[in-house]
Amino acid sequence: MTAYSEGDLRIESTPTEHGLQLTWLGRSNARHPGKTLVPFFDRIAGQVKGTGGGIEMRFDSLEEINSSTLTAVIQLIQRLKGSQSKLTLIYDPDVTWQRMSFEALQVFARQGLVKIQPAIKGPDAGARPG
Amino acid sequence: MLKIELTISSDWPRIATVRQAVVQCVSAVFQDPALCHDLAMTSAELLENAVKYGVQGEVVFSLSYERGAVEVRVANSVNPTSGNLEALKRRLDWIFAFGDPSEAYIAAMEQVALAANPERASSGLGLVRIISEGGCSLECDATERGRVVMSAKRPVQVASAGRSS
């Protein structure tokens, strides 16, 4: 189900056994993405709070992201600091911009704030969105 | 041969249109999807900064390939009393102090995390992306009257240039 839609960006939400999976689709190129993304993230964090579940964000089908959106993602990582909800970001390691941006974001993984993983590809990657 | 030159009004929605034009033009000359993306990202980040921090008016965008390098240039005007020009120069000095662009990218992300105004910090992130992710060198030429020309250059191997007739 589409949980967020603004301009060229759509985020689909799917409940999983581990919490909530959010799949980013399209192009994230808004001027002030934080204005709508941060309240959306807060709503999602509220949904999983107390359930013991986590939030998995899949960026591997996203076509482009601007630095303002990366800023909103960093804000989300900071807002979940100290929360019980674990955040995992999945990216496509074969796409240069994804590999470079998410490797830089590993700085927050080293601080224990988020888990950042390359998408698993191949015949066993049933969960990978189209 | 590749040369694009456009004068656009400083409206945000036009950036996506220019970005798409960059992808189409670059892919017509180079068979290199990663290069297309890098140049499109570089173009969009420079234009976003021009629209965010420049005065409302015209932005001149160009992309050219010459002597083994692609250059993206964005020229616009800023209000000389806004402090934006000084902030840009400070930001570039900060970026150039890093020997390794990927270290600058990580440090910029940490700055965003700690910033009281993360949105303001995001423009610095865009410039770092251009050198780290885009593999470009950056130059800024600014006049006291507030005319700013940002130039991002990246070497491109001649072998990857299209030869199709």
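**Chain B: its sheet and its interface with chain A**

Hi everyone, let's begin where the two chains meet: about 2200 Å² is buried between chain B and chain A, with carbon and sulfur atoms giving 58% of that area. On the chain B side, the residues that lose the most area to chain A are Trp12(B), Met109(B) and Glu119(B), and together they make up 23% of what that side buries. Please keep in mind that this is a predicted model.

Which residues touch? Counting contacts, 24 residues of chain B meet 26 residues of chain A. There is one salt bridge between the two chains. You can find that salt bridge between the side chains of Glu64(A) and Arg19(B), at 2.8 Å from N to O. Beyond charge, eight residue pairs are in polar contact across the interface, with both residues of each pair at pLDDT 80 or more.

So which parts of chain B face chain A? Four helices each supply at least two residues to that side: α1 (12-29), α2 (33-53), α4 (101-114) and α5 (118-132) of chain B. The largest share comes from α5(B), with seven residues. If you sort the touching side of chain B by class, you get eleven nonpolar, five polar and eight charged residues.

Now let's turn to the sheet. Chain B has an open sheet of five strands in the order β1-β2-β3-β5-β4, with antiparallel pairing. As a reminder, strands of a sheet pair through backbone hydrogen bonds, either parallel or antiparallel.

Why do β1 and β4 of chain B have one side left without a neighbour in the sheet? These two strands, β1 (2-9) and β4 (137-142), stand at the edges and have a single partner strand each, so one side of each stays unpaired in the sheet. From one strand to the next, the twist averages 10°.

Look next at β3 (residues 69-77) and β5 (residues 147-155) of chain B, an antiparallel pair joined over nine bridges. To find your place on screen, go to Ala69(B), which stands opposite Pro155(B) in β5(B).

Helices pack here too. α1(B) packs on the sheet and touches β1 and β2 (58-66) of chain B, its direction making about 175° with that of β1(B). Helix α3 (residues 84-96) of chain B lies across β4 and β5 of chain B, and runs at about 150° to β4(B).

One last thing to notice is α1(B): this helix touches β1 and β2 of chain B, and it also supplies at least two residues to the side that touches chain A. Thanks, everyone!

Notes
Residues numbered from 1 in each chain as written. Chains lettered and ligands numbered in written order. Predicted model: local features only at pLDDT ≥ 70, side-chain atom pairs only at ≥ 80, totals over all residues. Heavy atoms only, no water. Contact = heavy atoms within 4.5 Å. Buried area = accessible area lost by both parts, 1.4 Å probe. Salt bridge = Lys/Arg side-chain N within 4 Å of Asp/Glu carboxyl O. Polar contact = N/O pair within 3.5 Å; in protein donor to acceptor, adjacent residues only side chain to side chain. Nonpolar A, V, L, I, M, F, W, Y, C, P; charged D, E, K, R; others polar. Pairing = 2+ DSSP bridges. Axes fitted to C-alpha atoms, helices over the stretch in contact; angles between N-to-C directions.
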